[in-house]
Each structure stands twice: as structure tokens, then as C-alpha cells.
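Trainee: I have a new model open and would like to go through it with you. Could we begin with the pockets?

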Amino acid sequence: MDKTIVTIPGDMPGLSYSLTVLRFGGTDPKAPKAYLQAALHGNELPGVAALHVLIPKLRAAEAEGRLKGSVTVVPFANPIGLNQFQWDDHQGRFFYGSRTNFNRAFALIDRPDPKLLAAPEAASCDRRLKAELQTLALDADLVLDLHCDNEGPNYLYMPAELWPHSADLAAALDCGAVLTFEGGTDASFDEAAFRPHLATGNFERRVVATVELKGIHDVGPETAEKDGDGLYRFLVGRGVIDDTSAAPVGPFTGKGVPQSYVEMVRAPVGGMAFFHVKPGDVVKAGQLVAEMIPVPGEPSVPVHAVAPGLVLTRVLARAIRIGDDLVKIVGDTRSVTAKDGGALES
Ligand SMILES: [Zn+2]
């Protein structure tokens, strides 16, 4: 294993960030290459926890000559966001310098040429970081960007071109759903990692996904072990690692649908939320999802599902502003709440 620490200068003198990159060398140049990163949103740690389990397995495979394809791992992909606190609260989603989401506004390039990714001379540190991450992932066949939601099961986002031949990843990680996107998602990392290879038209070998590993509080030894093992078995199944003792990946039995099938249920008023559903519940059209309570002691404002579907995720907060997302429901048809393109969330 090669460990490299990339220095990213801050935007003013006196500050720099360290990006740790781990490289495991494969023995077979024809085997698929993999790239995994976690915590692009700073404090989303379930992916870091899974990598904590996966890294020793990769080290062992490399030492024993069982690593066929090269693997690059960036356990903390965003040292800038990781260090952003406002008073006692972590703020890892948006760069403080510009309010840009760390998982948006990546460079969209049309061929895998690293020269196209070089950050301009006067680029801010978040742009330099993005260029670095994109370059690290550029020649990988398997690109996994490990995130998490507020509360929910494991699930995936991926380009529609890669579904359903990437169902092995969903099965290996025991995903509750797979959401595919066509066109743009505001230049998220997965979109930007896939775009240079779009013109090849040959996608069987390629997997590019945003992996949502449960909720932000699901960080601990049991989920880490399960997810780390799932990632390992996926890599074995894809021929990156040779390990006949690894349990094979079974079929995926969950939903794989366009992300436009997701109903984003939003709060019609601000106040306190009482939820009547939880992730994993199946709801009917018109079913009560939550009550919003703007004035305690006064009647609450009911919030209903528009269409039937599976409750995929639920927000952790109970103090909710008007317009905030309450739950995501995966339906069987395009949602009336769907936007034309772009990411599901800001
Ligand atoms: Zn995230």
C-alpha cells in the first residue's frame, strides 16, 4: 500500500489541507480498477467506517498476491468540509467560502484526459480539491462515492446507462432502492466521474455510484463490518480481488427506478414535526405521513403522501422550516413533485 498525502493550499496564507490517498497495486493490468472515497460532505461517516473495515482486507489481499486490479481509496475525501464548524455544529455540505455544495459543480469533461481537469491557477481550495478527486477517479472502472442520508437504508444513485448491470453493487450492500438519473444532477461527483466515459457506449464493466450508507448516526462496528464486507464482496465479484472464500453476491430484489419516481414530501408550514411513517414503510396514496405543529395546542397541519410508494428516507430534525424535506417516497411512476433534471436535493 502506498500512502500519499496531497497538500491543498488554503485560500489565504497560514492554512493548508491534507488529503490522504491510499493506493493498492493490482497484479493484473486487465483487471478492473476501483476508486472509493468517503465523506465528501465532511461528516458523513458511515462510508469512512466501511472503509475502516475494507482497508485491512485490501492490504491483506495485496500482501497475499490476491489483488488483481489496482484500488485507490480516499477515506476522508474532504478535509475542508471535515474542518468546517459553526460554533458547535458541523457544516460539511457547503463550502463556507462560496456556499457551493461540495458534491456539485465538478468539471464535466467529455473524455478521460487529466489535462482537462487541471485547476486554474487562481482556483479556490474547494475547486482544487474537486480537481484532485476527479483526477484520482479518472481511470477507474468502478467508482464509489460513499455518502449517507439522514435516516434510511442503504441506497444508490447512478447514471441510468449503468442500470441494471450494476445491480451486484446494490445486492452486495443490501440496498433498499436504486435511483437512476438521466442527464444532469448539477455536476455531482458521480455524474462528473461518468461523463468522460459516456462516449464509449460500452458500460458493462463500469460502475459509478453515489452510495448512501444509511443515516448519519449509523456509525459503529456492526454497520461498518456489514458495509465493509459488502464492498469487499462486490470487488471480489467484479474480479478486482481474488478470494474464493468470500460469499458470492446474490440477486438484487429491491426497487431500481428513475429518481423522478421519488416524491419529495415537503413541510407546508414551519414548526414541530410528528412523523407517522418511518423508512421501510409502504404507504398508500393520501396516507398521513406527518403532522406539522406550528402552534402547540392548536390543530396540527396534516401532510399526506400524494402517491403510493416505499418510504425510503426521513429527516432527522423535528424542528422543520416551511418547504424543508420530510421524507422521500419511492413510487411506481413519475412523481408529480419531480423536477426536470438536476439533483433531488440542494
Ligand atoms: Zn452526502
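Trainee: What volume does the largest pocket have?

Mentor: Please keep in mind that this is a predicted model. Its largest pocket has a volume of about 1,400 Å³.

Trainee: Which residues are the closest to the centre of that pocket?

Mentor: They are R93, N150, V315, E345 and S346, out of 46 residues that line the largest pocket.

Trainee: And which element gives the largest share of the lining?

Mentor: That is β19, with four residues. Among the other elements that give two or more residues to the lining are β7, β12, β17 and β18.

Trainee: How is the sheet that holds β19 and β17 ordered?

Mentor: The order is β12-β19-β17-β14, an open sheet of four strands with antiparallel pairing. Its edge strands are β12 and β14, and each of these pairs on one side only.

Trainee: How many bridges join β17 to β19?

Mentor: Four bridges join them. As a point of reference within that pair, R314 stands opposite V327 in β19.

Trainee: β18 came up in the lining too. Where does it sit in its sheet, at the edge or inside?

Mentor: β18, residues 319-320, is an edge strand, as is β16, residues 301-304. The sheet is open, has the order β16-β15-β13-β18 and pairs in the antiparallel sense. Within it, β13 (residues 271-275) and β15 (residues 288-293) pair over four bridges, and the bridge partner of A273 is M292 in β15.

Trainee: Changing topic: which residues coordinate the zinc ion?

Mentor: The donors are H41 through ND1, E44 through two OE atoms, and H147 through ND1, at 2.1 to 2.7 Å. In sequence the donor residues follow the spacing H-x2-E-x102-H. H41 lies in the loop between β3 and α1 while H147 lies in strand β7, so this pair ties together parts that are 106 residues apart in sequence.

Trainee: Why is the arrangement around the zinc ion called irregular?

Mentor: The angles subtended by the four donor atoms run from 53 to 148°, which makes the arrangement irregular. A tetrahedral assignment would need all angles between 85 and 135 degrees.

Trainee: Are those two histidines buried or exposed?

Mentor: H41 counts as buried because its relative accessibility is 4%. H147 is buried as well, at 2%. The cut-off for buried is under 20%.

Trainee: Back to β3. What strand does it pair with, and in which sense?

Mentor: β3 runs parallel to β4, and four bridges join the two. Q37 stands opposite V74 in β4. Strand β2 (residues 16-24) is joined to β4 by three bridges, but in the antiparallel sense; there the bridge partner of R23 is T72.

Trainee: Which β4 residues lie on each side, and are they buried or exposed?

Mentor: V71 and V73 are on one side, T72 and V74 on the other, and all are buried, so both faces of β4 are covered. In a regular strand the side chains alternate between the two faces of the sheet.

Trainee: One on helices: what span should α3 have, and what does the model give?

Mentor: The 13 residues of α3 (residues 125-137) should span 18 Å, and the end C-alpha atoms are 19 Å apart, which agrees. Buried residues in α3 include C125, L129, L133 and L136.

Trainee: And V53, where does that lie?

Mentor: V53 lies in helix α1 and is buried, with a relative accessible area of 13%. Its C-alpha atom is separated by 39 Å from that of T337, 284 residues apart along the chain.

Conventions:
Residues are numbered from 1 along each chain as its sequence is written. This is a predicted model: local features need pLDDT of at least 70, side-chain atom pairs count only at pLDDT 80 or more; totals for chains, interfaces and linings use all residues. Side-chain values use heavy atoms; hydrogens and water are left out. Two strands pair if DSSP finds at least two bridges between them. Donors are N, O and S atoms within 2.8 Å of the metal (3.2 Å for Na, K and Ca); water is not among the atoms, so sites may look incomplete. Four donors count as tetrahedral if all angles lie between 85 and 135 degrees; four count as square planar and six as octahedral if opposite donors are over 155 degrees apart and all others between 65 and 115; anything else is irregular. Buried means under 20% relative accessible area, exposed over 50%, partly exposed in between (1.4 Å probe, protein chains only). The expected span of a helix is 1.5 Å times one less than its number of residues. On a 1 Å grid over the protein atoms alone, a cavity is a set of points where a 1.4 Å probe fits but cannot get out, and a pocket is an open set with protein on both sides within 12 Å along at least five of seven lines; lining residues have an atom within 4 Å of a point. Grid points are joined across faces, edges and corners, and a volume is the space filled by probe spheres set on the points.
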